[in-house]
Amino acid sequence: MRFLVLGGSVFLSRAVAVEAAARGHDVTAACRGSSGPVPEGVRHVAVDRVAGLPDELTSTAYDAVVDVARTPSWVRAAVAAWPGAHWTFVSTINVYADDATPGGRPGTLPLREPRDDADLRQEPEAYGPMKVACEQAVL
């Protein structure tokens, strides 16, 4: 299976790339690479998503895509580039508007209102709402 990890050099996206490669998939990690190297056996395509997705990446078909982004416009562009792929978007508990209801869980708690791109250095509270917008882009 041709597997694309948008990220791949840090924490969760790195772990996904390692596991996919260990299972024998043809894995590409699309990331800047400035946080460290991609795992052994994983192809690296240098990408700065602020600048957009390069033709080298978008001209390739992938069977599965994993994305951990927090910026809605990045996720929308990636979904548009690989609409036929199986998509996994990694979200966060920060999408929930209510974190105090006992027994609350996904599907039972209300989500925050979606929010388009924001500079999190200026508006850190936009993180959860931006992830909601990212989820909606994948759906």
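Let me start at C134. Setting aside neighbours up to four places away in sequence, C134 is in contact with A69, R70, T71, P72, V75 and F89. This is a predicted model, so please take every value I give as computed from that model. C134 lies in helix α4. Its relative accessibility is 0%, so C134 counts as buried. For a sense of distance across the fold, take C134 and D48: they are 86 residues apart along the chain, and their C-alpha atoms are separated by 18 Å.

One of the residues that C134 touches is V75, and V75 leads into the core. Beyond its neighbours within four places in sequence, V75 is in contact with R49, D67, A69, F89, C134, A137 and V138. A69 and F89 are on this list, and C134 touches both A69 and F89 as well.

Now the core itself. The largest nonpolar core has 18 residues, and the members that touch the most others are L4, L6, L57, V65, V75, W82 and W87. Which elements each supply at least two residues of this core? They are β1, residues 2-6; α3, residues 72-81; β5, residues 86-89; and α4, residues 127-138. The largest share comes from α3, with three residues. Apart from this core lies another, of 11 residues, including F3, A17, V27 and V42.

Next, R49, which appeared among the contacts of V75. R49 is placed in the loop between β3, residues 43-46, and α2. Is R49 buried or exposed? Its relative accessible area is 14%, and the cut-off for buried is under 20%, so R49 is buried. Not counting residues up to four places away in sequence, R49 touches L6, D67, A69, W74, V75 and A78. Of these, L6 and V75 are among the core residues that touch the most other members.

On to strand β2, with two residues to look at. T28 is in strand β2, and at 0% relative accessibility T28 counts as buried. Outside the four-place window in sequence, T28 touches F3, L4, V5, V42, R43, V45, L57 and Y62. That list includes L4 and L57, both named among the best-connected members of the largest core, and also F3 and V42, which belong to the other core.

C31 also lies in strand β2. With 8% relative accessibility, C31 counts as buried. The contacts of C31, again leaving out residues up to four places away, are G7, S9, V38, H44, V45, A46 and V47. V45 is thus touched by C31 and by T28. C31 and A20 are 11 residues apart in sequence, and 16 Å apart in space, C-alpha to C-alpha.

Y62, a contact of T28, brings me to the aromatic rings. How many aromatic pairs does the count come to? The count comes to one. The pair is Y62 with W82: edge-to-face, 5.8 Å centre to centre, with 80 degrees between the planes. Y62 lies in the loop between α2, residues 55-58, and β4, residues 64-67, while W82 lies in the loop between α3 and β5, so the pair ties together parts that are 20 residues apart in sequence. Both Y62 and W82 are buried.

In that loop between α2 and β4 we also find S59. S59, unlike Y62, is exposed, with a relative accessible area of 62%. From S59 to K131 the C-alpha to C-alpha distance is 27 Å, with their positions 72 residues apart in sequence.

Now the pocket. The largest pocket holds about 900 Å³ of space. Its lining has 33 residues, and R32, V68, A69, R70 and W74 are the closest to its centre. Three elements give two or more residues to this lining: α1, residues 11-22; β2, residues 26-31; and α4. By class, the lining has 16 nonpolar, nine polar and eight charged residues. A69 and R70, close to the centre here, are contacts of C134 too.

Last, one backbone point. F11 is found in helix α1. F11 has a positive phi of about 40 degrees although it is not a glycine. At 75% relative accessibility, F11 counts as exposed.

Definitions and conventions
Residues numbered from 1 in each chain as written. Predicted model: local features only at pLDDT ≥ 70, side-chain atom pairs only at ≥ 80, totals over all residues. Heavy atoms only, no water. Core = buried A, V, L, I, M, F, W, Y, C linked by side-chain atoms within 4.5 Å. Buried < 20%, exposed > 50% of the residue type's maximum accessible area, 1.4 Å probe, protein only. Helix = DSSP H or I, 4+ residues; strand = E, 2+ residues; numbered from the N terminus. Contact = heavy atoms within 4.5 Å. 1 Å grid on protein atoms, 1.4 Å probe; cavity = no way out; pocket = protein on both sides within 12 Å on 5 of 7 lines; lining within 4 Å. Points joined across faces, edges and corners; volume = space filled by probe spheres on them. Nonpolar A, V, L, I, M, F, W, Y, C, P; charged D, E, K, R; others polar. Phe/Tyr/Trp six-rings, centres within 6.5 Å; stacked < 30°, edge-to-face > 60°.
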